[in-house]
Amino acid sequence: MPALDEGMPLFVQIAEQLADDIVDGVLAEGARVPSTNELAAFYRINPATAAKGINLLVDEAVLEKRRGIGMFVATGAREQLRASRRKRFAEQYVDPMLAEANRLGIDTDTLVSLIQGPGWHNGGSTP
Amino acid sequence: MTPTISATALGRRYRDQVALDDVSLTVEPGTVTGLLGRNGAGKTTLMRIITGQEFPSSGDLRVFGETPAENDEVLARMVFVREEQSYPDFQVRHAIRVASWFYPNWDEDLAQQLLKDFELPPRRRIKRLSRGMRSAVGIVIGLAARADLTLFDEPYAGLDAVARQLFYDRLLAEFAEHPRTILLSTHLIDEVADLLEHVVMLDHGRVVLDAPADEVRGTGMIVNGPYTAVEEFVAGRTVWHRQRLGSRASVTIADPLDLAAQAQARALHLSLEPLSLQQLLVHAAGVSADEKVSA
Amino acid sequence: MNTLVNVGRYHLVDRITWLALPWGIMAFSFLINIGVALAVPTVPQGIYTGGLVSLYIFMLICGSLSMTRSLPFGLMMGISRRTYYAGTALLVLTLGVVYGLGLTLLQLIERATNGWGLNLHYFRIPWILNGPWYETWLTSFVLLVAFVLYGMWYGLVFRRWSVPGLVAFIAAQILVALLAVVAVSATGSWSGVGHFFTTVTALAVTGVLALVALAMGFGGLTTLRQVTI
């Protein structure tokens, strides 16, 4: 069971986990999202909190509600999420890396060669 | 919508002590509210007044819009699972059977399933059960009654961690399938933190905190790191607590931190540790104690 | 109405205490009396014993148990104190009717067998349980209800004020009795009292007992109002 930490509000974490699944393709577009009760039981949280998390994604048009059937992943949701995450990418991942590199005295060239090292698929886009 | 419970300036005093002092709160229908506080804070007294077992000394309390004391209509919609319940000389199955007569929403299948889950022998005399199993009997009745207002007052005395988790899971499942208003008093806050939608904290008979759980969660953060860096980071923020050991410091702040602030912390090589609900409430109790001292 | 019946059912889960023991104890006392009657030489007017009181005393105990041992769980069932009391009283009334009938039947058998062949009057008590069957039934019923309500009141007094309360309760009753005796002596009315008792009818006595029962009920209800569990 994925761990929920104390940092972000619970409902935000729920939304992030669902978003992760959409970005990874685990939750395909048009697929049904777990219900509020299912999420609540899975994470052992209050159903109202789960509902808040889902509503967060509904507000961002990542999920859509189909009356009487449930919540579904909206078309274009994956690309939408990836785009918004790309915007955060620099702030969340690049800046800390640069800060740490600076702290350890790793210069830019070494950094680039580390990035381009044997283990990295060049080209930038994942299948 | 009428609040399920509505207290206005509620007070209860005994000869030598004040159990409740100017308590005002509302509990909305269909929510899970945690009633938190230290031993002797007034949680049990409040719940006893809500269930008509005690009478207020002052103020007003309404349940489903009416006074609960001696009110059969209101009382029939409530079930109160206490910390220590005294039973007549019954076997477990007798207590379950009697409860099924009185509660209109009683679910017998659920009761039987819960008896199995908690491994309660139906033909054992309740008097001869261990403390934990006696608590389990109360929990079975409390859940199977499906009462509109379900109150639990530290119902897990003697229950081990596994049984407690079973209780929380069943409670959550029941609440999800058949929504009702739940008031749960506990001092094992972190165990139930994620189940709570609303939090009320009592201290020496007064309400010191009454807020949605989401608001309370994530309010506090402990910032650890080199002293100067920590001080630089917390400058201008609400500081709750400062601790220093040599060149390192640990400061607890109140403000939530956005992504930028978190990045800044990382840049300063500070570690951030969110406060758990339990820690937050310990803080809230401490604040009210300090206020009393300085008042 | 259904809730009141359920309170009665709740008490009757303990069938032994409410249904078996009263008759068992009375049967035991009856057998003792038979034994005594067999051992003692026959007396012309027969032997009248007060052994029947054992049934009533035990029912009094049942009453007090209903308000001590059984009260907390009863109130947990989402009912008011008044409802709990009323449901218990309803059970008592029902048992009073049924048990009264049983006692009446036994009295009829006793008469028919001439005191069980030993001239033993166990189920006939002079002056109050000595008349026609319907009077016996009514009087037994009223007596039973009075005894149980009295027991319930004891239980409630104990719940509310514990042992000191019980002591005060008993002391108060003794005091009232003493005051009555003093009042009669002061007004020189002993002969009047004696005259009253020789001329009063069993039915009138039953009426007085009914009033006593009502007083017991009222007393219990008043005490109950502030009882907390």
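The structure, which is a predicted model, holds four cavities of 30 Å³ or more. The largest cavity has a volume of about 140 Å³, and among the 15 residues that line it, Thr51(B), Gln53(B), Leu75(B), Leu75(C) and Ile79(C) are the closest to its centre. Two elements give two or more residues to this lining, namely β5 (78–81) of chain B and α4 (71–76) of chain C, and the largest share, three residues, comes from β5(B). Sorted by class, the lining of the largest cavity has eight nonpolar, five polar and two charged residues.

The second largest cavity has a volume of about 80 Å³. From chain B its lining takes Pro88(B), Asp89(B) and Phe90(B), while from chain C it takes Tyr10(C), His11(C), Asp14(C), Trp18(C), Arg69(C) and Ser70(C). By class, these lining residues divide into four nonpolar, two polar and three charged.

Turning from the cavities to a sheet in chain B, the reader will find four strands that form an open sheet in the order β11-β12-β10-β13, with antiparallel pairing. The edge strands, β11 (239–245) and β13 (271–274) of chain B, each pair on one side only, and neighbouring strands of the sheet are turned by 15° against each other on average when direction is ignored. Within the sheet, β10 (residues 221–226) and β12 (residues 248–253) of chain B pair in the antiparallel sense over six bridges, and Val223(B) has Val251(B) in β12(B) as its bridge partner. Helix α9 (residues 227–234) of chain B packs on this sheet, where it touches β10, β11, β12 and β13 of chain B, and the direction of the helix makes about 140° with that of β10(B).

How values were computed: Residues are numbered from 1 along each chain as its sequence is written. Chains are lettered from A and ligands numbered from 1 in the order in which they are written. This is a predicted model: local features need pLDDT of at least 70, side-chain atom pairs count only at pLDDT 80 or more; totals for chains, interfaces and linings use all residues. Side-chain values use heavy atoms; hydrogens and water are left out. On a 1 Å grid over the protein atoms alone, a cavity is a set of points where a 1.4 Å probe fits but cannot get out, and a pocket is an open set with protein on both sides within 12 Å along at least five of seven lines; lining residues have an atom within 4 Å of a point. Grid points are joined across faces, edges and corners, and a volume is the space filled by probe spheres set on the points. Ala, Val, Leu, Ile, Met, Phe, Trp, Tyr, Cys and Pro count as nonpolar, Asp, Glu, Lys and Arg as charged, and the others, Gly among them, as polar. Two strands pair if DSSP finds at least two bridges between them. Axes are lines fitted to C-alpha atoms, for helices over the stretch in contact, and angles run from 0 to 180 degrees between N-to-C directions. Contact means heavy atoms within 4.5 Å.
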